[in-house]
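These exercises are worked by reading a structure closely. Try each task before turning to its solution.

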Amino acid sequence: MIPVMYEVVSRSWDAEDVATIAVAPVGEAIVAPAPGQFTMMWAFGIGESPISIAEVQGDVLIHTIRGVGAVTAALTTAEIGEQIGVRGPFGRGWGIDFAEGHDVAVVAGGLGLAPLRPVVLGLLAEPERFGKVSVLVGARTPKGILYPDDLDAWSTSATVETTVDAAPSSWTGNVGLVTTLINKIDFDTTNGRVFICGPEIMMTSTAKAFTARGVPPQHIRISIERNMHCAVAHCGRCQLGSLFICKDGPVQEWSDVAQVLEVGGR
């Protein structure tokens, strides 16, 4: 529960309100997070927020953060050398071994590509362990597509498709929902594995689209975002049905959460 001190060693802007920061431990590092886990990052004097892991390089943690509140705005604008607190890692990760020997579809909406980035890096680092890899990315606009250099690099070893909700006339790519990309990929629907992260409505529609093509619900994993505060299932803020997302998630099989996520709200 006590934050470990880290300092910002690099920062780059991915969009107007989205930054990727790398932080290195000042002293002893936390245990290396697994793909899909998250840390609680503390902006001193302001508060802390759960942030997913975009990459781990030794003891250096890389996070891609959208500044939407006081804490995340402070993290995205932290200066090089500025110290922040880190707790964790927390939660259930993606478990890439789940996909060993199978075709894999990685589907991201918006900032959802950040927690999926370690999955793609892991898949492409050991291609002999997996079948065909497809990466499907949706964003609101072309400028909102994360990691364009990575996408270009990945396209040499995987099928990479992108789409946007709206684009200028100069855009020559796909326009439409990310689900429209599913029919573009060569994917074993019977035995393939699917990883999805993005807004809940996007994950729900994408999971349904894959199950409609014959993918068993237990072969689909999604990452659920909730207002996580304590990160150890004590405060109850992240409860979803019988689950506490900070402990039981954020990654869950679609078969275990479909019913509760499909409940309408008003």
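**Exercise 1. The buried side of a helix**

Task: Which residues of helix α4 are buried, and what covers them?

Solution. The model is a predicted one.

Step 1. The buried residues of α4 are M202, M203, T204, T206, A207 and F210.

Step 2. An α-helix has 3.6 residues a turn, so residues three or four places apart point the same way.

Step 3. The cover over the buried residues of α4 includes three strands and a helix: β8 (104-109), β12 (193-197), β13 (220-223) and α6 (254-261).

Step 4. Helix α4 itself runs over residues 200-212, which makes 13 residues. From first C-alpha to last it reaches 18 Å, close to the expected 18 Å. After the helix comes G214, with a positive phi near 105 degrees.

**Exercise 2. The order of a sheet**

Task: Give the strand order of the open sheet of seven strands, and state which strands lie at its edges.

Solution.

Step 1. The order is β11-β10-β9-β8-β12-β13-β16, and the pairing is mixed.

Step 2. β11 (174-175) and β16 are the edge strands, since each of them pairs on one side only.

Step 3. At one edge, strand β10 (residues 159-164) pairs with β11 in the parallel sense, over two bridges. V164 has V175 in β11 as its bridge partner.

Step 4. Helix α2 (residues 113-125) packs on the sheet and touches β8, β9 and β12. The direction of α2 makes about 155 degrees with that of β8.

Step 5. Helix α4 also packs on the sheet, touching β8, β12 and β13. Its direction and that of β12 make an angle of about 165 degrees.

**Exercise 3. Backbone exceptions**

Task: Where are the cis peptide bonds before P89 and P250, and where are the residues Y147 and A233?

Solution.

Step 1. Most residues other than glycine have a negative phi, and most peptide bonds are trans.

Step 2. The bond from G88 to P89 is cis, with omega near 0 degrees. P89 belongs to strand β7 (residues 83-90).

Step 3. The bond from G249 to P250 is cis as well, with omega near 5 degrees. P250 sits in the loop between α5 (245-248) and β16 (251-253).

Step 4. Y147 is not a glycine, yet its phi is positive, about 50 degrees. Y147 is in the loop between β9 (133-139) and α3 (148-154). Its relative accessible area is 9%, so Y147 is buried.

Step 5. A233 is not a glycine either, and its phi is about 65 degrees. A233 is in the loop between β13 and β14 (239-240). With a relative accessible area of 18%, A233 is buried.

**Exercise 4. Cysteines without a bond**

Task: How many disulfides does the count come to, and why is C235 not bonded to C230?

Solution.

Step 1. A disulfide is a covalent bond between the sulfur atoms of two cysteines. The cut-off for the two sulfur atoms is within 2.5 Å.

Step 2. The closest cysteine sulfur to that of C235 is in C230, at 3.7 Å, so it is too far for a bond. C235 is partly exposed, at 34% relative accessibility.

Step 3. C246 is in no disulfide, and its nearest cysteine sulfur, in C238, is 3.7 Å away. C246 is buried, at 1% relative accessibility.

Step 4. The count of disulfides is zero.

Terms used:
Residues numbered from 1 in each chain as written. Predicted model: local features only at pLDDT ≥ 70, side-chain atom pairs only at ≥ 80, totals over all residues. Heavy atoms only, no water. Helix = DSSP H or I, 4+ residues; strand = E, 2+ residues; numbered from the N terminus. Expected span 1.5 Å × (residues − 1). Buried < 20%, exposed > 50% of the residue type's maximum accessible area, 1.4 Å probe, protein only. Contact = heavy atoms within 4.5 Å. Pairing = 2+ DSSP bridges. Axes fitted to C-alpha atoms, helices over the stretch in contact; angles between N-to-C directions.
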